[in-house]
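Trainee: I would like to understand how the words used for a structure follow from the values behind them. Could we go through some of them slowly?

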Amino acid sequence: MVAIVPAAGSGERLGAGRPKALVTVAGDPMVVRAVAGLVSAGVDDVVVVAPADHLDEMRSVLPAPARTVAGGADRVASVALGLAAIGDADVVLVHDAARCLCPADVTRAVVAAVRDGHGAVVPALPVADTVRRVDPAGRLVGPVDRTGLLAVQTPQGFAPDVLRRAHEAAAGSPTASRATDDAGLVEALGGEVVTVPGDPRAFKITTPLDLAMAEALLTAGDVSDGPPLAPDVRERSSPHGAEVRR
Ligand code: C5P
């Protein structure tokens, strides 16, 4: 089982002045936590897609089995570059580094659904907020029925041929670069995407408040089913990346 971790974004909204994936949460870079979580769920090959100008730094923090390749101009291009670097696998996961507290059980449920024969699987949660559509001036233009709305998370899981076909089609599409996830590319081709239950702890760290919430959760120990915490990773790693064994 292989995972691609798109981590080549600049993280401007976090305002840390460096790539978001390298920002630390309770002592460890987000990307290290995200990889550790995937490994604890049974992933044995991880390709991290890093900003081209931070490849060495990314390599220096990541333990095996993570490998690193340079990213592209947008998320879709970065995932495609990761996809080009993977070998044979029965399941390909795509997981945002910024969802670094995702519990291993969510990943296992996604993988199980792909192995059950679903070509594309996403974890998702009901939307708690009231949602409205607005016009360009910011005025409400009508209600949106919350029933049937889900917020989609990662890791998203795919049969390898399904993800490859979706990215091949995206490469020739002028609108695909705006896609914010891979399941959306499968949908755009008319493919079926199924859901498994997501988890609030798989939230995406985007703003300084998200970062503070992630720190608070780790400090409170409220990630009991989450990825291994820093000491577990550090015990098994040399400063320049030794093995994280399962
Ligand atoms: O910006 P946003 O948080 O929506 O990005 C989602 C994910 O896509 C992040 O993990 C980010 O690092 C990644 N990304 C990427 N290559 C880009 C832009 C974003 O891998 N060029």
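Mentor: Let us begin with a pair of charged side chains in this predicted model: Arg67 and Asp45 meet in a salt bridge, with 3.0 Å from N to O. The pair links distant parts of the chain, since Arg67 lies in strand E5 (residues 66–70) and Asp45 in strand E4 (residues 45–50), 22 residues apart.

Trainee: What makes the meeting of Arg67 and Asp45 a salt bridge?

Mentor: The term asks for a side-chain nitrogen of Lys or Arg within 4 Å of a carboxyl oxygen of Asp or Glu. Arg67 and Asp45 have a value of 3.0 Å, N to O, and the pair therefore carries the name.

Trainee: Why is Arg67 called partly exposed, rather than buried or exposed?

Mentor: Buried means under 20% relative accessible area and exposed means over 50%, with partly exposed in between. Arg67 has 33% relative accessibility, so it counts as partly exposed.

Trainee: How do you know that Arg139 and Asp135 form a salt bridge, and which of the words buried and exposed belongs to each residue?

Mentor: The closest N and O atoms of Arg139 and Asp135 are 2.9 Å apart, and the cut-off is 4 Å, so the pair qualifies. With a relative accessible area of 56%, Arg139 is over the 50% limit and is therefore exposed, whereas Asp135, with 18%, is under 20% and is therefore buried.

Trainee: What is the partner of Arg201 in a salt bridge, and why is Asp199 called buried?

Mentor: Arg201 forms a salt bridge with Asp199, and their closest N and O atoms are 2.9 Å apart. Asp199 counts as buried because its relative accessibility is 13% and the limit is 20%.

Trainee: How many salt bridges does a search of the whole structure find, and which residues are linked in a network?

Mentor: The search finds ten salt bridges, and Arg75, Asp96 and Asp182 are linked in a network of them.

Trainee: Now for the helices: why are H3 and H5 called oblique to each other?

Mentor: Two packed helices are described by the angle between their axes and the distance between the axes. Helix H3 (residues 75–83) and helix H5 (residues 160–171) pack at an angle of about 135°, with their axes 11 Å apart. An angle over 145 degrees would count as roughly antiparallel, and 65 to 115 as roughly perpendicular; the value of about 135° belongs to neither range, and H3 and H5 are therefore oblique. The contact is made by Val76, Val79, Ala80 and Leu83 of H3, and by Leu163, Arg164, His167 and Ala170 of H5. The crossing of H3 and H5 is left-handed.

Trainee: What makes His167 a buried residue, and which residues does His167 touch?

Mentor: His167 is in helix H5, and its relative accessibility of 7% is under 20%, so His167 counts as buried. Leaving out residues up to four places away in sequence, His167 touches Val76, Val79, Ala80, Leu83, Asp182 and Leu185.

Trainee: Is Ser78 buried or exposed, and how do you know?

Mentor: Ser78, found in helix H3, has 3% relative accessibility, and because the limit is 20%, Ser78 counts as buried. Apart from its neighbours within four places in sequence, Ser78 is in contact with Ala8, Val49, Gly71 and Gly72.

Note on methods: Residues are numbered from 1 along each chain as its sequence is written. This is a predicted model: local features need pLDDT of at least 70, side-chain atom pairs count only at pLDDT 80 or more; totals for chains, interfaces and linings use all residues. Side-chain values use heavy atoms; hydrogens and water are left out. Helices (H or I, at least four residues) and strands (E, at least two) are DSSP runs, numbered from the N terminus. Buried means under 20% relative accessible area, exposed over 50%, partly exposed in between (1.4 Å probe, protein chains only). Axes are lines fitted to C-alpha atoms, for helices over the stretch in contact, and angles run from 0 to 180 degrees between N-to-C directions. Angles under 35 degrees count as roughly parallel, over 145 as roughly antiparallel, 65 to 115 as roughly perpendicular and the rest as oblique. A crossing is left-handed if the near helix is turned anticlockwise from the far one by less than a right angle, and right-handed if clockwise. Contact means heavy atoms within 4.5 Å.
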